Amino acid sequence: MATKIRLQRGGRKGYAFYSIVIADSRAPRDGKFTEKIGTYNPNTNPATVNLNFERALYWVETGAQPTDTVRNILSREGVYLMKHLKGGVKKGAFDEAAAQRKFDAWKADKQNGLNKVADAEAKAKKDAAAKELAAEKKINEEIAKKVAEKKAAAEAAKAEAEAAAAAAEAPAEETPAAE
């Protein structure tokens, strides 16, 4: 039986979520599988991968063939690096402790890169929100200025009307007194 490491689709329409499974190469994409070794969520930035590292390494060493996408996921998670380092240990190039140190250093560097991406995205969101707020404040100030001008114009018109009414009443009162 030829085994494949593949993705099994889940989630709703327009929001895919995948399980990483070991399956017979003849089984359909969402069909029967041997073992579930993780999940993959491409909807987050960066994509979220939850992987049982030991089982993935076991299946890769056993000879299970991953699909292209799964190969990229396993490579990013370091499964292929660990397989390579274990090969170096078997050949005697270095010992198990040195291989583990190399892997840990790689994993720490990888995590720093992911943290930088997440921080940059958070900063970009914060900057975008600040720009939107500044633009909204500017619009609100312009609206407030227009409202103040309208109120001032209304007050001036009201004052003129009152002055005209007072002026009209004043001569009318003076006219009977003159007689």
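## The β3–β4 hairpin

Strands β3 and β4 make a hairpin, with six residues sitting between them. This is a predicted model, so keep that in mind throughout. The two strands run antiparallel to each other and are joined over four bridges. One of the pairings to look for is G38, whose bridge partner in β4 is L51.

β4 itself has two distinct faces. V49 and L51 are on the covered face, while T48 and N50 are on the uncovered one. That fits the general rule that side chains in a regular strand alternate between the two faces of the sheet.

## Two residues on β3

Strand β3 covers residues 35-41, and K36 is part of it. Is K36 buried, exposed or partly exposed? With a relative accessible area of 47%, K36 is partly exposed, because that value falls between the 20% and 50% cut-offs. Ignoring neighbours within four places in sequence, K36 is in contact with S19, I20 and V21. There is also I22, 14 residues away along the chain from K36, with 6.3 Å between the two C-alpha atoms.

T39 is in strand β3 too, but its surroundings read differently on paper: its relative accessibility is 16%, so T39 counts as buried, the limit being under 20%. Which residues does T39 touch, once those up to four places away in sequence are set aside? The list is F17, Y18, S19, I20, T48, V49 and N50. Of these, T48, V49 and N50 are β4 residues, and F17, Y18, S19 and I20 fall in β2, which runs over residues 15-24.

## The rest of the sheet

Zoom out and you get an open sheet of five strands in the order β4-β3-β2-β1-β5, with mixed pairing. At the edges are β4 (48-51) and β5 (65-66), each of which pairs on one side only. As a general reminder, strands in a sheet pair through backbone hydrogen bonds, in either a parallel or an antiparallel sense.

Both senses turn up here. β1 and β2 pair antiparallel over 10 bridges, and one of the matched pairs is G11 with A16 in β2. The hairpin of β1 and β2 has two residues between the strands, and G14 in that hairpin adopts a positive phi near 80°. On the other side, β1 (residues 3-12) pairs with β5 in the parallel sense, over two bridges. If you want a residue to click on there, I5 has P66 as its bridge partner in β5.

## V79 in helix α3

Helix α3 spans residues 79-91, and V79 belongs to it. How accessible is V79? Its relative accessibility is 0%, so V79 counts as buried. Leaving out neighbours within four places in sequence, the contacts of V79 are L51, F53, A56, L57, V60 and L74. L51 should ring a bell: it is on the covered face of β4 and is the bridge partner of G38.

For a sense of distance, take N41, which is 38 residues from V79 along the chain: their C-alpha atoms are separated by 18 Å.

## Overall shape and make-up

Counting everything up, the protein has four helices and five strands, and along the sequence they follow the pattern β-β-β-β-α-β-α-α-α. The overall shape is a long way from a ball. A compact globule of 179 residues would have a radius of gyration near 16 Å, but this protein comes in at 37 Å. The C-alpha trace spans about 130 × 40 × 20 Å along its principal axes.

Buried residues make up 22% of the 179 in the protein. Among contacts with a separation of 6 or more, 36% are between residues 24 or more positions apart. The accessible surface is about 12600 Å², and carbon and sulfur atoms account for 54% of that. As for charge, there are 32 positive and 26 negative ones, and their mean positions lie 19 Å apart.

How values were computed:
Residues are numbered from 1 along each chain as its sequence is written. This is a predicted model: local features need pLDDT of at least 70, side-chain atom pairs count only at pLDDT 80 or more; totals for chains, interfaces and linings use all residues. Side-chain values use heavy atoms; hydrogens and water are left out. The radius of gyration is taken over C-alpha atoms; the globule rule is 2.2 Å times the number of residues to the power 0.38. Buried means under 20% relative accessible area, exposed over 50%, partly exposed in between (1.4 Å probe, protein chains only). Contact means heavy atoms within 4.5 Å. Accessible areas come from the Shrake-Rupley method with a 1.4 Å probe; for residues, only the protein chains shown count as cover. Lys and Arg count as positive and Asp and Glu as negative; His and the chain ends are not counted. The place of a charge is taken as NZ of Lys, CZ of Arg, CG of Asp or CD of Glu. Two strands pair if DSSP finds at least two bridges between them.
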